Amino acid sequence: MKNKYVKIYEELSKKIEEGDYPVNSLLPSENELVELYETSRETIRKALKLLSEHGYIQKVQGKGSIVLDVQKLNFPISGLVSFKELAKKMGGRASTIVEEFTEINLDAFLKDQLKAADEDKVWKVLRVREIAKEKIILDKDYLLKKYVPNLTRSICENSIYEYIENDLGLTISFAKKEITVEEPTEEDRRYLDLDGFVNIVVVKNFVYLDDASLFQYTESRHRPDKFRFVDFARRKIN
């Protein structure tokens, strides 16, 4: 049996998703929610805490709980964040579908991208990311097998980065990224829900371990309406 605060969280989150509480509007106050759900203030605060942790609201002192845009997910440009880590903020509304998992030989393109030797083997992983029952990201990962051995479909469904860091004991250190806007390919249209969309945002990642070994090349192909690419910059005055 679910705790009452979880039930309240689920009801409020559904109302936010369905637009009953519009983006940038205020949720009812704690007092109003106490009366509405006929429960204690502590129970309401626990429900609001869950809403905040899962990215539905931002609590602002003196104003209340502001409803956030849950149809978009902030994707940090300068950070290295796995989809699983981002999905935690979505409160169970995100999932991964592994469409392809194979070991392949290097072609000229991948050899150049990964700066690899002729004899190197590569894992190819094609994953579709689904949020709120819409397929909106296609991740095409290529990982050098010599750095990431014994990869499995199950690991790909969960988190490759978690496997690399926790099981292999490696440190993922930094990435170089290229961001472009392109026309969707037939592959994009086959795997993603792109009806009406004529552009797709492509983020190419070249990911390195802490010894500067390049181990992964990724093309992450995003439906443009669902994602913000964010960064923080501070101007330095000489």
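Of the 238 residues of the protein chain in this predicted model, 42% count as buried. The chain exposes about 13,500 Å², and 46% of this area is supplied by carbon and sulfur atoms. Its secondary structure comes to eight helices and 10 strands. Among contacts between residues at least 6 apart in sequence, 61% join residues at least 24 apart.

Helix H1 covers residues 4–17. At 1.5 Å a residue, the 14 residues of H1 should span 20 Å, and the end C-alpha atoms of the helix are 20 Å apart, so the expected and computed values agree. The buried residues of H1 are Val6, Ile8, Tyr9, Leu12, Ser13 and Ile16. Because these residues cover an arc of only 160° around the axis, they lie on the same side of H1. The buried residues of H1 pack against two helices, H2 and H3, and against two strands, S1 and S2. Just after H1, the backbone at glycine 19 takes a positive phi of about 85°.

Helix H2, formed by residues 30–37, has Glu30, Leu33 and Tyr37 as buried residues. The arc that they cover around the axis is only 60°, and therefore they are on the same side of H2. The packing partners of the buried residues of H2 are helix H1, helix H3 (41–53) and strand S1 (57–60). A positive phi also follows this helix: glutamate 38, just after H2, has a phi of about 50°.

Strand S1, which is packed against by buried residues of H1 and of H2, is joined by four bridges to strand S2, made of residues 64–67. The two strands run antiparallel. Within this pairing, valine 60 stands opposite glycine 64 of S2. S1 and S2 form a hairpin with three residues between the strands. In this hairpin, glycine 62 takes a positive phi near 90°.

Further along the chain, serine 159 is located in a loop, with helix H6 (153–158) on one side and helix H7 (160–167) on the other. The relative accessible area of serine 159 is 6%, and the residue is therefore counted as buried, the cut-off being under 20%. The side chain of serine 159 reaches the backbone nitrogen of glutamate 162 at 3.1 Å. In sequence, serine 159 is 63 residues from threonine 96, while in space the two are 9.5 Å apart, C-alpha to C-alpha.

Glutamate 187 belongs to helix H8, which consists of residues 186–191. With a relative accessible area of 19%, glutamate 187 is under the 20% cut-off and so counts as buried. A polar contact of 2.9 Å links the side chain of glutamate 187 to the side chain of lysine 140. When neighbours within four places in sequence are left aside, the residues in contact with glutamate 187 are Leu126, Leu138 and Lys140. Lys140 thus appears in the list of contacts and also as the partner in the polar contact.

Terms used:
Residues numbered from 1 in each chain as written. Predicted model: local features only at pLDDT ≥ 70, side-chain atom pairs only at ≥ 80, totals over all residues. Heavy atoms only, no water. Buried < 20%, exposed > 50% of the residue type's maximum accessible area, 1.4 Å probe, protein only. Polar contact = N/O pair within 3.5 Å; in protein donor to acceptor, adjacent residues only side chain to side chain. Arc of directions from axis to C-beta. Contact = heavy atoms within 4.5 Å. Pairing = 2+ DSSP bridges. Expected span 1.5 Å × (residues − 1). Areas by Shrake-Rupley, 256 points an atom, 1.4 Å probe, with all protein chains shown as cover.
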